[in-house]
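User: Could you take a close look at the place where the ligand is held, and at the open and closed spaces around there? I'd enjoy one connected walk-through.

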Amino acid sequence: MEKANPFLGRDVVSILDFSREDLEYLFKVAEVMERFRRSKIEILKGKVIALAFFEPSTRTRMSFETAAKRLGADVIGFSSVEATSIAKGESFADTIRMLDAYADLIVVRHKFEGAAKFASEIAVNPVVNAGDGKQHHPTQAMLDLYTVKKMFGKIDGLTYAVVGDLRYGRAATSFIYGLTLFNPRKIYLVSPPLLRARPEVVEYLRKKGVPFEEVNALDEVIEEVDVIYVTRIQRERFPDPLEYEKVKGSYRITLDLLSRGKEHLKVLHPLPKVDEIDKRVDNSKYAAYFEQAANGVPVRMALLSLILGAELGKVGADL
Ligand code: NCD
């Protein structure tokens with residue numbers, strides 16, 4: 001391998017832990033992994049990966065599991081511990097300590113912000129954040145950016161609209177942070193006023209000098225954008241159900257709206273989607289979200305093998 005592996009032994013807590021060069025390196029490996037989407041390569045044979053999902057998940061957990069298995073690793077863990085039973089900080093710490101003793105890498109999802117960071121401080125082995133509350137979802141951002149790169153051949157110079165629940169949505173937040181590592185032409189933050197991006201996110205964009213603008217509705221900017229990143233309203237994270245009632249159903253992406261946009265316009269969504277995208281969009285040229293979800297496997301295969309120092313020469317990766 002030419003270049004030193006920037007992921008070796010690292011924790012993945014936030015997308016901002018990494019540089020643009022690191023992500024480009026990851027994407028190169030992910031491209032190689034695409035060849036093994038339907039087969040098994042044994043480059044992580046003998047490794048054990050723990051999936052500690054304290055909060056429900058379908059795609060993220062199953063794509064980590066698929067990635068680990070395709071690489072020949074064994075998987076342990078749990079997928080639905082009721083958050084209330086582990087609410088005491090100490091039992092969470094003990095669970096992590098135990099998994100650290102059993103496994104070579106721990107993937108953690110939790111409803112509390114900071115849980116993955118906390119786990120990474122306890123565990124000797126690498127910890128990968130698979131979503132902590134409303135805060136971060138770095139591996140989602142990695143596959144989202146990889147999807148843009150695959151579809152447009154670049155991430156720079158495009159205009160993005162990040163639409164929906166920017167206040168409680170960790171996938172949207174990590175995507176926005178991820179874009180700051182590149183040179184987007186402009187990012188539109190599109191949401192009803194109640195669901196605006198959190199002040200620390202807006203502040204970060206300002207500090208980095210990224211061109212951005214907050215708008216209320218997608219139809220204000222539809223003609224300008226290349227990529228629309230839609231998210232669902234994160235109902236379960238609202239402290240007050242009445243507040244949810246106020247914003248429920250407040251935005252919807254339809255074919256009519258999209259047909260006013262650019263010819264090559266693509267719609268991404270981390271999924272699950274509820275009612276924010278009209279079903280007729282699913283079979284249109286705009287929908288990129290199913291391919292995006294599929295990209296979760298090669299990107300996570302790349303990430304796991306890099307962190308655990310797999311021998312990539314064996315799979316023909318020329319880095
Ligand atoms: C996202 C999540 O869990 O944050 N889903 C995912 O990981 N693909 C987005 C969401 O739940 O809305």
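**The ligand site and its spaces**

Analyst: Happy to. In this predicted model, the shell around the ligand consists of Thr 60, Arg 109, His 137, Gln 140, Arg 170, Arg 232, Gln 234, Pro 270, Leu 271 and Pro 272. Sorted by class, this shell holds 3 nonpolar, 4 polar and 3 charged residues.

Let's go through some polar contacts. Thr 60 places a polar side-chain atom 2.8 Å from an oxygen atom of the ligand. Gln 140 also uses its side chain: one of its polar atoms is 3.2 Å from a ligand nitrogen atom. With Pro 270 the backbone takes part, as an N or O atom of its main chain lies 2.9 Å from a nitrogen atom of the ligand. As for cover, the ligand taken alone exposes 310 Å², and the protein buries 95% of that.

Now for the open space. The ligand sits in the largest pocket, which contains about 650 Å³ of space. This pocket is lined by 31 residues, and the closest to its centre are Arg 109, Arg 170, Arg 232, Glu 236 and Arg 237. Among these, Arg 109, Arg 170 and Arg 232 also belong to the ligand's surroundings. Two helices, H2 (59-70) and H6 (170-179), each give at least two residues to the pocket lining. Taken by class, that lining is made up of 10 nonpolar, 10 polar and 11 charged residues.

There is a closed space to consider as well. The count of cavities of 30 Å³ or more comes to 1, and the largest cavity has a volume of about 60 Å³. Its lining is formed by Arg 59, Thr 60, Ser 63, Gln 140, Leu 143, Pro 270, Gln 292, Ala 293 and Arg 300. Helix H2 appears again here: together with helix H5 (138-152) and helix H10 (289-307), H2 is among the helices that each supply at least two residues of the cavity lining. The classes in this lining are 3 nonpolar, 4 polar and 2 charged residues.

What links the two parts of this tour? Thr 60, Gln 140 and Pro 270 line the largest cavity, and these residues are also found around the ligand. Thr 60 thus has a place in the cavity lining along with its side-chain approach to a ligand oxygen atom at 2.8 Å. Likewise, Pro 270 lines the cavity and brings a backbone N or O atom to 2.9 Å from a ligand nitrogen atom.

Technical notes. Residues are numbered from 1 along each chain as its sequence is written. This is a predicted model: local features need pLDDT of at least 70, side-chain atom pairs count only at pLDDT 80 or more; totals for chains, interfaces and linings use all residues. Side-chain values use heavy atoms; hydrogens and water are left out. A residue is near a molecule or strand if one of its heavy atoms lies within 4 Å of it. A polar contact is a pair of N or O atoms within 3.5 Å; within protein, one must be able to donate a hydrogen and the other to accept it, and residues adjacent in sequence count only if both atoms are side-chain atoms. Accessible areas come from the Shrake-Rupley method with a 1.4 Å probe; for residues, only the protein chains shown count as cover. On a 1 Å grid over the protein atoms alone, a cavity is a set of points where a 1.4 Å probe fits but cannot get out, and a pocket is an open set with protein on both sides within 12 Å along at least five of seven lines; lining residues have an atom within 4 Å of a point. A molecule sits in a cavity or pocket if more than half of its atoms lie within 2 Å of its grid points. Ala, Val, Leu, Ile, Met, Phe, Trp, Tyr, Cys and Pro count as nonpolar, Asp, Glu, Lys and Arg as charged, and the others, Gly among them, as polar. Grid points are joined across faces, edges and corners, and a volume is the space filled by probe spheres set on the points. Helices (H or I, at least four residues) and strands (E, at least two) are DSSP runs, numbered from the N terminus.
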